[in-house]
Amino acid sequence: MTNDTPTDLDALLSAVPEVTPPVHLHQRLVTALDLEALHHRQRNTWPRWLAEHPKLIGYGLGLAVATLLFSSLFVPVWHPLGYLVAEPNYAIVHVSQGSGQQIGLTLTATRPYLTSGKGFDTLPARLSGQPGGMLVIAEILPSGEARCVDVVEPKADAALVAAVNQALRGLTFCPATRPDGRPVTARIAFYLEHIAVRG
Amino acid sequence: MAPASEVPISLSISADKVDTASLETIRPPLSAAESELLEGIRAGSHAAFEVLVTAHQKPLYNLLLRLLGNPDDAADVLQETFLSAYRGASTFRGDCDIRTWLYRIAIRRAANHRRWWRSRRQTSTISLDTDVVEEAAPSLSETLVAPNADPEQQALWRERQAQVLAALAKLKFDFRVVVVMRDIRGMSYEDIAAALEISVGTVKSRIARGRAMLRTALNLPA
């Protein structure tokens, strides 16, 4: 219940005097506003625009976080491949079953890349989603000869390495060279989708 | 394009107009004069700042003084209020009049200031600018409270008012705000509700509870 009838308390409160602000306060306030306006005008356009649209900053941050979350949820990461891609001396190519096509290797100063007949220098997206095959690391000598140095997945055994070497001999590689033309030994990683080399 | 401070605006609004506007219960959100003033503020016009400060400085200062209990704090928060208003002028949609908008900012600022102050466990400050002798003497407005009373009665009045202000200072902030706005500043329930962005019913309830607490603190009959 509200009680708005006059009482002693009302009299006491209504008699509280109105105070006149200090004389200098008016000038202080106007000067502060003038300075703020001057500062506002001198500020760069885009920070001011951002400051005037704080919601957009929130939306941007939200979008970035959501993208990060979803990308980590839905993009499969196969660690051996990821590791090799990050290594500057490796590049990954996909050799399909029975491939007899020529693969050219060119080495740049910072990052080698491989080209197939169709041309790709990164791991095809469909391979990263099917980590059930076999990853082969081969060394391409300056002579153009390739030899298998490791088989990462699923298991490396001597017979498999020999079979991969046999398969590599069926392919032709251009020697890797540095930008100045000097030959160099390079390593490549093959992802063999079908383990046909076993046969 | 002319500099913002030279934007030609005819600021016909005056302090009197703003004060009388408060008496209206239902009013359009922004009058033409207030829209013009708001445009001037957005443009950073010195003339607009002069009008804004002249019109609203005194009621806001008195509100803040009674809420915070310290003239220096009231002046500081008043400055923050006007600066906030300038910064927020570009996004102010004009859903209420400028006076209500300023009250809203001032109360929010006062609440923040009080919270900040309490978190540092400060109780009082002494301004380096304050003249101690001047501070000790009663202000002109204080001596005008009971002009016809004799000195003894005036002293009693002042003592009683000091008790009232002390009791007010001990009220919870939410109750203090509404009691000050209603009983000291004489604002309508609707204006208080608009400034605090709460319902009129909540305003009335808080006023009733605040008054009851004050009566208890001052040993007054219910």
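How many helices and strands does chain A have? Select chain A and color it by secondary structure: seven helices and eight strands appear. Keep in mind that this is a predicted model.

Stay on chain A and color by burial. Of its 199 residues, 19% are buried. Next, turn on contacts with a separation of 6 or more. Residues 24 or more positions apart account for 61% of these in chain A.

Now bring in chain B and look at the contact between the two chains. Select 30 residues in chain A and 36 residues in chain B to show it. On the side of chain A that touches chain B, two or more residues each come from α1 (8-14) and α2 (23-42) of chain A. Which element gives the most to this side? Select α2(A): it gives the most, with 12 residues. Then color that side of chain A by class. You get 16 nonpolar, six polar and eight charged residues.

Move to chain B and select residues 173-184, helix α9. Is this helix enclosed or open? The helix is largely enclosed by the rest of the structure, because 10 of its 12 residues are buried.

Step along α9(B) and label the buried positions. F175(B) and R176(B) are among them. The run V177(B), V178(B), V179(B) and V180(B) is buried too. So are M181(B), R182(B), D183(B) and I184(B). Charged side chains are therefore part of this buried set, with Arg and Asp counted as charged.

Last stop: go past the end of the helix. Select G186(B), which follows α9(B). Check its backbone: phi is positive, near 70 degrees.

Notes: Residues are numbered from 1 along each chain as its sequence is written. Chains are lettered from A and ligands numbered from 1 in the order in which they are written. This is a predicted model: local features need pLDDT of at least 70, side-chain atom pairs count only at pLDDT 80 or more; totals for chains, interfaces and linings use all residues. Two residues are in contact if their C-beta atoms, placed from the backbone, lie within 7 Å. Helices (H or I, at least four residues) and strands (E, at least two) are DSSP runs, numbered from the N terminus. A residue is buried if 20 or more other C-beta atoms lie within 10 Å of its own, exposed if 12 or fewer, and partly exposed in between; C-beta atoms are placed from the backbone.
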